Amino acid sequence: MKKIETVSLIGLGAVGAAYGSKLHDTLKDSLQVVASKERIQRYENTGIIVNGQNYHFHYITPETKREPADLVLFAVKNADLSQAIQDARHHIGPDTIILSLLNGISSEEEIQSSYENQPILYSVCVKLDAVRQQNETNFSTLGWIEYGEKDNSKSENALAVQELFERAGIPYKISEDILHSMWWKFMVNVGINQTSAVLKAPYKVFQSVPSAYEWAKSTMREVVALSQKTGVHLTEEDVASFRPIIEKMSPDGKTSMLQDIEAGRKTEVEYLAGTVIELGKKYDVPTPINEQLFKIIHIMEDMTSYHQ
Ligand SMILES: NC(=O)C1=CN([C@@H]2O[C@H](COP(=O)(O)OP(=O)(O)OC[C@H]3O[C@@H](n4cnc5c(N)ncnc54)[C@H](OP(=O)(O)O)[C@@H]3O)[C@@H](O)[C@H]2O)C=CC1
Ligand SMILES: CC(C)(CO)C(=O)C(=O)O
């Protein structure tokens with residue numbers, strides 16, 4: 001069986017540092033983190049602290065030529081993906097497996113459009129409650145990475161990733177229906193990330209204030225309606241299935257979008273409400289809640305840059 005010996009990771013924020021720390025524990029320097037000189041300097045100066053432990057990753061600049069890695073993991077924000085795809089070019093050969101941990105439903109296609117015929121496994125991370133403040137990331141649960149081939153086959157690559165995740169102690173599920181899993185996660189992010197950003201609400205608000213969680217569910221239901229048109233067919237049961245998951249997340253944990261708002265970073269609203277609104281127009285499905293969230297979150301972004 002194919003064995004993954006070398007991994008390249010691009011993006012060392014909340015998600016990258018959380019899963020990267022587990023991979024580093026197992027692979028040591030066979031895990032390489034791709035980053036510009038300026039980033040490397042910053043990371044080396046401050047260290048990357050994950051759950052209190054200082055990690056010294058093996059960094060490599062995008063310009064450095066090397067043998068392609070067995071696996072490349074993308075863990076940047078959507079707006080940075082096109083640059084990251086460029087920066088990872090020396091790490092991607094014909095047999096390199098690619099896994100994209102980004103939220104939203106477009107990153108795999110964006111990668112595929114640069115690397116045609118590349119083996120890409122579709123994936124989502126579920127229930128990770130990683131919070132990053134500058135160079136420090138903390139999480140109480142890694143949740144799990146759910147992944148699979150676009151055609152849901154249990155391919156050699158899917159099994160090779162499974163073997164790596166077993167070795168590194170990264171929880172995972174091979175999805176029976178990856179398109180459904182991706183749309184389910186998209187529905188969750190559209191609901192919880194955006195309402196949490198507007199309410200400035202950590203998970204405990206959704207765990208204890210029923211009206212807040214109801215609003216998040218109404219937002220999710222616009223994705224459920226859209227999914228009927230795209231052949232994915234999410235249901236009310238899919239909406240309900242997130243409740244036990246959020247119940248177990250750290251009460252003080254925050255969605256990645258709330259973390260962006262608090263840090264004054266641009267959010268991924270284009271890839272959540274923006275995508276919902278676009279698909280709503282395409283399929284003639286009303287998306288009024290997402291339209292309002294799109295406007296409000298943009299105003300919040302503008303207010304942040306106004307204050308900087
Ligand atoms: N946070 C969470 O709990 C979860 C997040 N997600 C999704 O995962 C993705 C990543 O989110 P998250 O980890 O929170 O984001 P962060 O903003 O915490 O991290 C992104 C990291 O990518 C780095 N980066 C950007 N461009 C490059 C590049 N060209 N080369 C090297 N590094 C680069 C940034 O570096 P720098 O800081 O130096 O700019 C930053 O450290 C998003 O799509 C998010 O929606 C999914 C599940 C859970
Ligand atoms: C599901 C959730 C809210 C936590 O993993 C997430 O994906 C995010 O914060 O972006």
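This report covers the domains of a predicted model and the surroundings of its two ligands.

## Basis

Local features need pLDDT of at least 70, and side-chain atom pairs count only at pLDDT 80 or more, while totals for chains, interfaces and linings use all residues. Residues are numbered from 1 along each chain as its sequence is written, and chains are lettered from A and ligands numbered from 1 in the order in which they are written.

## Two domains

The protein chain is assigned domain 1 (7-176) and domain 2 (179-307); the bounds come from an automatic or database domain assignment. Their C-alpha centres are 24 Å apart. Domain 1 gives 19 residues to the contact and domain 2 gives 18 (C-beta atoms, placed from the backbone, within 7 Å). On the domain 1 side, strands S8 (120-126) and S9 (131-133) each supply at least two residues (strands are DSSP E runs of at least two residues, helices H or I runs of at least four, numbered from the N terminus).

UniProt, in an unreviewed entry, places "domain: Ketopantoate reductase C-terminal" at residues 177-300; such annotations may be inferred rather than shown by experiment. This span is 73% helix and 0% strand.

## Ligand 1

Ligand 1 is surrounded by 27 residues (C-beta atom, placed from the backbone, within 6 Å). Gly11, Gly13, Ala14, Val15 and Asn103 are the closest. Helices H1 (14-27) and H3 (81-87) each supply at least two shell residues.

## Ligand 2

Residues around ligand 2 include Asn103, Lys127, Asp129, Asn193 and Ser256. Helix H6 (residues 178-199) gives the largest share, four residues. Domain 1 and domain 2 each contribute at least three residues to this shell.

Terms used
Two residues are in contact if their C-beta atoms, placed from the backbone, lie within 7 Å.
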